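Open the model in your viewer and keep the selection tool at hand. We will go from stop to stop, picking residues as we go.

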Amino acid sequence: IRSPSCSRAMKFKIIHHADQDTVNSLYAAYPAVFVLSTGRCGTKFLAYLLGHSQSIKAHHEASPTLQYFPNFAFHNQEKLEILRKMIDAGRMELILEALISDKIYIECNQCLTFFGPAIRDLFLGSKFVHVVRHPGDFVRSGLRKGWHSNDSIWESGRVRMKDEKKWASLDQIRRLSWLWGTTNHFMEAFKKATSPDRV
């Protein structure tokens with residue numbers, strides 16, 4: 001994967017000098033890569049390894065992490081324009097910096113999984129990697145990390161059922177099992193709706 005800028009020398013090296021043609025190419029063709037997953041599957045290590053390449057700008061959880069918003073994205077897929085604006089505001093400048101630096105932008109942030117359709121439709125050259133961990137290993141890791149039991153901003157944003165009464169009746173193992181199945185089911189549907197050359 002190479003950025004559209006690779007075939008020509010950039011006229012500028014800092015983001016606020018970027019011209020409209022460059023911004024247009026960012027949205028139309030730049031192949032930013034997003035690694036989507038449930039989390040707890042080695043994406044931090046993957047970003048660390050990729051970050052050793054001189055041609056890659058790798059992030060595990062770029063800032064803003066959007067940690068408060070996965071549940072919102074999951075339950076509001078019909079509001080794609082809002083989700084696109086959230087991603088645009090949170091990632092456009094980071095991705096543009098990678099483009100003008102002639103690097104490949106790669107992000108391995110599980111918070112972006114349910115933003116996948118918005119990312120796909122906003123950045124038309126974007127690519128996606130779906131990482132799947134064995135469900136038992138995922139649940140065990142989530143238990144150790146306190147997923148769906150801690151009181152934190154991460155937990156407030158963590159994906160959960162819309163039916164709060166039913167959700168409250170589930171123990172932590174059932175919640176994590178539901179999360180694994182729901183996330184990977186979403187990703188399989190996303191991949192079927194996305195051009196195979198982008199996944």
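A word before the first stop: a residue is called buried under 20% relative accessible area, exposed over 50%, and partly exposed in between, with a 1.4 Å probe and protein chains only as cover. This is a predicted model, where local features need pLDDT of at least 70 and side-chain atom pairs count only at pLDDT 80 or more, while totals for chains, interfaces and linings use all residues. Residues are numbered from 1 along each chain as its sequence is written, and side-chain values use heavy atoms, with hydrogens and water left out.

**Stop 1: a salt-bridge network**

Select Arg120, which counts as buried at 13% relative accessibility. Now add Asp121, partly exposed at 32%. The two form a salt bridge, with their closest N and O atoms 3.0 Å apart; the term stands for a side-chain nitrogen of Lys or Arg within 4 Å of a carboxyl oxygen of Asp or Glu. Extend the selection to Glu81 and Arg84, since salt bridges that share partners join Glu81, Arg84, Arg120 and Asp121 into one network.

Within that group, the side chains of Arg84 and Glu81 meet at 2.8 Å, N to O. What separates Arg84 and Glu81 along their helix? They are three residues apart in α4 (residues 80-100), so about one helical turn lies between them. Helices here are DSSP runs (H or I, at least four residues), strands are runs of E with at least two, and both are numbered from the N terminus. Glu81 is partly exposed, at 42% relative accessibility.

**Stop 2: a buried pair**

Next, pick Glu107 and Arg91, whose side chains form a salt bridge of 2.7 Å, N to O. Glu107 belongs to strand β3 (residues 104-107) and Arg91 to helix α4, so the pair ties together parts 16 residues apart in sequence. Are these residues buried or exposed? Both Glu107 and Arg91 are buried. A search of the whole structure finds nine salt bridges.

**Stop 3: the nonpolar patch**

Switch to a surface view and select Tyr68, Phe69, Phe72, Ile82 and Ile153, which make a nonpolar surface patch of about 450 Å². Patch residues have over 30% relative accessible area and no salt bridge; like charges are joined within 9 Å, and nonpolar side chains (Val, Leu, Ile, Met, Phe, Trp, Tyr) within 5 Å. Areas come from the Shrake-Rupley method with a 1.4 Å probe, and for residues only the protein chains shown count as cover. Tyr68 sits in the loop between β2 (56-59) and α3 (70-75) and is partly exposed, at 47%.

**Stop 4: the largest pocket**

The largest pocket holds about 360 Å³ of space. Of its 16 lining residues, select those closest to the centre: Arg40, His60, Glu61, Lys145 and Trp147. Helices α2 (43-50) and α7 (153-157) are the elements that give two or more residues to the lining.

On a 1 Å grid over the protein atoms alone, a pocket is an open set of points with protein on both sides within 12 Å along at least five of seven lines; a cavity is a set where a 1.4 Å probe fits but cannot get out; lining residues have an atom within 4 Å of a point. Points are joined across faces, edges and corners, and a volume is the space filled by probe spheres set on them.

**Stop 5: the cavity**

Finish with the one cavity of 30 Å³ or more, with about 110 Å³ of space. Among its 13 lining residues, Thr38, Pro70, Gln110, Val159 and Leu179 lie nearest the centre.
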